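Let's take a friendly walk through this structure, starting with the whole chain and then settling on one strand and its partners.

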Amino acid sequence: MEYGRRPLLRVGGRSVAWLPPLLLLAAVVVADFSTGERLRMISWIVLAPGISSAVCGAWTTAGYGLLAVATYVFVDSAWPEQYQAGLGDFILVAVGGALATLAAAVRVRRERQVLHIRDIADTTRRTVLRPLPPDWAGLEQAGVYLAADTEARVGGDFYDIQPSPHGTRVLVGDVQGKGLGAVEAAAALLGTFREAGYHEKDLATVAERLEIRMLRHRAHTVALGGADGDRFATAVLIAFPADTPQTLELVNFGHEPPLVVGPRGVRELPSGEGVPLGCADLAGGLLPPVRRVPLAMDETLLLVTDGVTEARDGPGEFYDLTREVARAVRADPRRAAPHRLVRRVRDGVLRHSGGRLADDTTIFAVRRLPGGGGPPGEDLEQGCLRY
């Protein structure tokens, strides 16, 4: 993959970054002849390669440097000898062009490094938060991830859907802390979820595997000299059993309680009374219980991270997710559809916070598809679903 410089000025899909320095060069020449011998302005031509260094490539800037020198010599020679700017200004124009070329080369190299880092960050994000089809494993889904640090582009929030012979499993979570350490922990948990979520029949066993994975990841990080010995993650583990389409199973590891959104209103599912992943020792080794709750076919399950519920406006008031979702669905029941619901919450959070997110924000919504498409495990075993 080539990480080239992206033109700053474009018109009709074509770069016109070369035009402003050229117009400035022509303007200086016209001004020099217009002001007369009492105010020679030709030395200002050094600004042309200077501006080019900010918007054009190194070779274009070098061309403007040479053009500025040639134009200086031509215009200055057109004046009588007693009015010529002379050698001093010639050196200024020549040295200014050389320095502008060097500055352009440094800027372009830096831009390529930044683009390379962003491509790596995007690849990391796609690895941790792999793209999901809108209709996947019997579920209609929509999700959005907003990084609090727009330059980092990745964080500790994670979500995924895993089809299995035992039904479809969903995981949404938030690793404590930020940076690459949080990303590594999220990737470790997702890897375990994708394997255990497929192979294990009981959701409690999947939950246990996630807890063990978090402990193992922390131990490995500490053994390498890291400072993640107390890192944990809140999460919600959901199962849509293939044999009971009107119910779901839920394990909440201290996470924000999911919302059920449908034509009959909004209700909260069991809250996160359980301890986060990696903290089972604080509860005597006990994991949160598996709860079975009803979920109608026309109801959508909305899961968010604390970037949503802890978003503040100017006066410091938190975003009231339940109230805002209920108000939106009352006004238009069609907003309970996953893609509409996610878009509504995203826009509401950004509007409430003025676009200033204090934490990574994930909004994820799923709803059973009519008919469900059959047990997802059958298609997997036949090799029909690939990702």
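## The chain as a whole

The chain has an accessible surface of about 19,300 Å², and 58% of that area belongs to carbon and sulfur atoms. Accessible areas here come from the Shrake-Rupley method with a 1.4 Å probe, and for residues only the protein chains shown count as cover. Of the 387 residues in the chain, 46% are buried, where buried means under 20% relative accessible area (1.4 Å probe, protein chains only).

Ten helices and 13 strands make up the secondary structure; these are DSSP runs numbered from the N terminus, with helices (H or I) of at least four residues and strands (E) of at least two. Among contacts with a separation of 6 or more, 69% link residues 24 or more positions apart, a contact being heavy atoms within 4.5 Å.

## Strand β4 and its partners

Strand β4 covers residues 139-146, and seven of its eight residues are buried, so the rest of the structure largely encloses it. Strands count as paired if DSSP finds at least two bridges between them. β4 pairs with β13 (residues 361-368) in the antiparallel sense over eight bridges, and one of these partnerships sets leucine 146 against threonine 361.

β3 (residues 135-136) also runs antiparallel to β4, joined by two bridges, with aspartate 135 opposite glutamate 140. Two residues lie between β3 and β4 in this hairpin, and alanine 137 in the turn has a positive phi of about 55°.

## About the model

This is a predicted model: local features need pLDDT of at least 70, side-chain atom pairs count only at pLDDT 80 or more, and totals for chains, interfaces and linings use all residues. Residues are numbered from 1 along each chain as its sequence is written, and side-chain values use heavy atoms, leaving out hydrogens and water.

Definitions and conventions: Buried < 20%, exposed > 50% of the residue type's maximum accessible area, 1.4 Å probe, protein only.
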